Amino acid sequence: MKILIHGIPINSGIAIGTAKIWERENVLNLVQECKVNDINNEIIIIKHSLDLLKNKINIFKNINNKEIIDILNAHIVIAESIVDEAINEVTNNRECAVAAIRSVTMKHIDELQKSGNELITMRIDDLIDVSSQLISLILNRQLLYDLYVAEDANKEKVILVTNYIMPSEVIILKDRLKGLVTEHGGITSHSAILARSLNIPYIVIPENTIKSLIKTISNRALIVDGYRGFLVIPEESDMTSLTKIIDSIDALNAQFLNEKMEPTVTLDGKHIKILANIGNIEDARLVSNYGGEGIGLLRLEFMYMNRNYPPSEEELFNALKRISEIINGNEIIVRALDAGGDKPIPYLNITKEVNPFLGLRGIRLLLKEHQEILIDEIRAVLRASVFGKFGFMIPMVSSVNEILEARKIMSEISEDFDKHNIKYNKVLFGIMIEVPSIALVIDKAVNYVDFVSLGTNDLTQYVMAADRSNEKVQYLYNELHPSILRLIQNITNVSNEHKVRVDICGEIAGNEIALPILLSLGVDALSMNPVSIPKIKYIIRRININYIKDHTIKLFKDFNTEDDIRDFSTETLIKIVPQFKDLTIIYENYKNSLRP
Ligand code: PEP
Ligand code: MG
């Protein structure tokens, strides 16, 4: 087994099947400017394309699936409106049919993008989808549908690997898709919503990877792991056994989703807060959909990227207020900008460093060179606190002095608010534990914080001295290494004593293998990719923490090698949910494949 790419999970589940690659062209880009004399003929062409499209849509509406019917109805409305406007365009400007449809579409895309309303901009996909279909019908171009449905007699289900997929195509191909891999697409796009409603595992891989993969994966068996975001090539000889295993995981995944709204209480009565990591306003919609109780990590970086200057206090405030509304006033932990390291923001003029991961990143950068950004963020969070429940945490903390400095800035801002009668509510103050130095003086740090949040992604790389993005040292990058777990154990012990809440927001929070150990160490909240929430909730509802706690503590003293800990946690998980044996077999294969 070979892991080809680490992408982003968009829909959970694992699928195995033959890869079909579709390097598509953007139909809108194919259309050239053209003028006509016979206006009436162009109008007939446009109207005919609308009739054809409606017929096609109506065939697919014959299904008992609300998401699909809603989207198809919306597409009919969009198509009618594009056609009306395109006819005006033909009449007034003598544009040919396809050019008129393209002009109308581009005009609307521009307006939608400018609107800044995230719900509206999300629907640009649908607009492109509908007009591409109209144009394709007029130009009689081959569609995905023709390629994979109409022309393929044996109707084998496939893993579709493509640049992007339009919502209508997910609907049309629904009986043909085992798994989906695209280069473009977000977790809240209509295509993603449809993939979830149809239970199709889906990941997004980096741009331009398909080109380099064509030779390796065309018509070969592939595994799409929608839990971890992996695209994997299995050995041909393992295919039969893997297919059986993956089918049973599929059934288990459906059970997770059935229980996603149930409370997250262990068998012995402990409530574990299950929160989501999100990076933009659109993602916020997914939190409640997946049964999350709030946001445990709001990465602010998204507000600072793809622009030439930082967002103002007002912009930050509006975004936070909006996110709070979307998640019905539930808790949001906002993380101060974590720039530097692997997250460059050009206009901040971060000096080029030989070793950026050990350089001026996170809170270091904010305190040393960009206090104005920290101040705007704190002011925005305090103002937003009137509209919801907020926490604020600082990343990449390595010393108590940094905590004191950041706290001082927060207190000064609160005093200023008091002086000017600006309203705010209590905002919890926390730190991320990502650097070993702060983990080792946790008994001092807890005196100055309301909560700590373990950023195990960075903590692992710094403890193990293994770059989190370097494939060659992935075998050392082990979140379940006893050194990390002992640190977590010390952090939870000290924090519980001081009544300071412990969250985990690194990837380990969504890793079911780690879950029995993390719970027995006494964490209060887990914050993860929204897609993982149903799975983690399902297990927590079946765990008895007291029952495993003593075993874990003993094991931490008595283990011989690092593998003993992973084995214990895996065995415990399988005792709790026996079907996980299947998933662990797959993960075991990954582990071997990662060894250099
Ligand atoms: C972490 O380091 O665990 C974390 C959550 O932060 P990021 O992945 O954004 O660095
Ligand atoms: Mg980090």
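**Backbone outliers and the magnesium site**

In this predicted model, Asn328 has a relative accessibility of 62% and therefore counts as exposed, since the cut-off for that class is over 50%. The residue is placed in the loop that runs between helix α14 (313-326) and strand β11 (331-335). Its backbone is marked by a positive phi of about 55 degrees, although Asn328 is not a glycine.

A positive phi is also found at Ala465, where the angle is about 50 degrees and the residue is again not a glycine. Ala465 belongs to the loop between helices α20 (456-464) and α21 (482-497). With a relative accessible area of 69%, Ala465 is exposed.

Helix α20, which precedes the loop of Ala465, also contributes to the metal site, because Asp458 lies in this helix. The magnesium ion (ligand 2) is coordinated by Asp458 through OD and by Glu434 through OE, at 2.0 to 2.1 Å. Glu434 is located in the loop between strand β13 (428-433) and helix α18 (436-440), so the pair ties together parts that are 24 residues apart in sequence.

Both coordinating residues fall under the 20% limit for burial. Glu434 has a relative accessibility of 2% and so counts as buried. Asp458 is likewise buried, its relative accessible area being 2%. The two residues with positive phi described above, Asn328 and Ala465, are exposed, whereas the magnesium ligands Glu434 and Asp458 are buried.

Technical notes: Residues numbered from 1 in each chain as written. Chains lettered and ligands numbered in written order. Predicted model: local features only at pLDDT ≥ 70, side-chain atom pairs only at ≥ 80, totals over all residues. Heavy atoms only, no water. Helix = DSSP H or I, 4+ residues; strand = E, 2+ residues; numbered from the N terminus. Buried < 20%, exposed > 50% of the residue type's maximum accessible area, 1.4 Å probe, protein only. Donors = N, O, S within 2.8 Å, 3.2 Å for Na, K, Ca; no water.
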